[in-house]
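Visitor: Please take me through one part of this model in detail. I would like the backbone geometry and the packing treated together.

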Amino acid sequence: MRQLISFLLLLLIISCKSSAKKESKTITITSDDVKASVAYLASDELKGRDTGSEGIEKAANYLEEQLKSFGVKPYFETYRDDFLVGDTKAFNVVGIIEGNDEKLKNEVVIIGAHYDHIGKSKTVEGDSIANGANDNAAGTSAVLAIAKYFSAKKNNKRSMMFVLFSAEEKGLLGSKHLAKKLKEQDIDLYTMVNFEMIGVPFKDRDYVAFATGYDLSNMALKINEYLGHNFMGSSEIAKKYNLFRQSDNYAFYKEFELPSHTISSCDLSNYDYYHHVDDEAEKLDYEHMASLINSVIPAIEKMSNTDTKEIVMYEE
Ligand SMILES: [Zn+2]
């Protein structure tokens with residue numbers, strides 16, 4: 001009997017080992033993964049995630065639980081990076097996966113998205129909650145998915161910081177606060193990749209997503225080179241509205257003068273519900289989102305592992 005038990009135990013160990021091995025080879029983000037986080041963050045229960053609201057407190061708790069469940073460590077003493085908006089308490093949520101290379105782990109790649117929204121908007125048919133599904137539960141779910149991926153793989157030589165920003169809608173206040181703080185800490189930032197409004201696909205482009213500030217650095221071209229296909233492009237509409245300055249990447253660009261861009265698949269030409277009460281979870285295309293995230297991950301993997309900092313600003 002004892003022999004049988006130890007034999008079974010051995011079998012169990014072997015099968016666990018082989019399945020762990022398998023898992024570390026392919027980790028695919030499913031549409032259900034992203035749908036689950038968007039469905040919660042953009043639910044009426046969170047009332048539009050306005051900075052200082054009860055809803056955003058719930059959102060932050062959820063994000064912390066998610067990061068913790070993946071095994072992502074808090075970057076500061078806790079996951080929260082507190083700041084004030086006037087008298088209102090606000091907080092970014094910040095996690096870190098340390099790099100596995102003695103030298104390169106001192107260099108940091110930031111993957112970010114804002115998780116706040118505007119709370120309420122103009123009432124339509126009795127609905128006044130601006131749920132902010134595309135803007136930006138979508139980007140937030142991408143950051144969670146990428147954090148989940150790297151915490152399972154642990155194959156990043158550089159350290160990866162995952163940031164969910166608050167008070168973006170109040171004027172990039174969360175990112176301004178954190179960028180300044182990290183600059184003061186003198187971190188060796190390599191690049192900042194921000195996700196916004198990836199919830200719907202383009203139908204009329206030869207690329208999947210655009211980078212804001214496309215012409216300022218070689219990031220978009222490097223991503224295409226790393227992936228071996230035309231994933232990133234330049235949006236004329238994004239350029240016209242200067243979307244580069246409209247999201248949290250801009251605070252990092254201003255503070256560090258390093259490649260900091262937002263990746264997005266919506267430049268307002270392909271979605272009618274920007275800051276509208278109908279920006280709801282059921283309006284998004286989760287197959288598209290999962291596919292976008294799974295497509296971009298190998299490029300981020302490459303960013304976190306190249307011997308040198310290949311992504312650079314263009315000379316002025
Ligand atoms: Zn946004």
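Guide: What follows looks at helix 5, the loop before it and the helix it packs on, with a few other backbone details after that. The model is predicted.

Start with the loop. It runs between strand 7 (159-165) and helix 5, and A167 lies in it. A167 is not a glycine, yet its phi is positive, about 55 degrees. Most residues other than glycine have a negative phi. A167 has 26 C-beta neighbours inside 10 Å, so it counts as buried. L172 lies in the loop between strand 7 and helix 5 too. Its phi is also positive, near 55 degrees. L172 counts as buried because it has 22 C-beta neighbours inside 10 Å.

Now the helix. Helix 5 (residues 173-184) packs with helix 8 (residues 249-256). Their axes are 8 Å apart, at an angle of about 30 degrees. The two helices are therefore roughly parallel to each other. Their crossing is right-handed. On the helix 5 side, the contacts come from S175, K176, A179, K180 and K183. Helix 8 meets them with A251, F252, E255 and F256.

Other backbone details sit elsewhere. A cis peptide bond joins D135 and N136, with omega about 5 degrees. N136 is found in helix 4 (residues 133-153). Most peptide bonds are trans. G86 takes a positive phi near 65 degrees in the hairpin of strand 2 and strand 3. Two residues lie between those strands. The strands run antiparallel, joined by six bridges. V85 has T88 in strand 3 as its bridge partner.

Note on methods: Residues numbered from 1 in each chain as written. Predicted model: local features only at pLDDT ≥ 70, side-chain atom pairs only at ≥ 80, totals over all residues. Pairing = 2+ DSSP bridges. Helix = DSSP H or I, 4+ residues; strand = E, 2+ residues; numbered from the N terminus. Axes fitted to C-alpha atoms, helices over the stretch in contact; angles between N-to-C directions. Parallel < 35°, antiparallel > 145°, perpendicular 65-115°, else oblique. Left-handed = near helix turned anticlockwise from the far one by under 90°. Contact = placed C-beta atoms within 7 Å. Buried ≥ 20, exposed ≤ 12 C-beta atoms within 10 Å, placed from the backbone.
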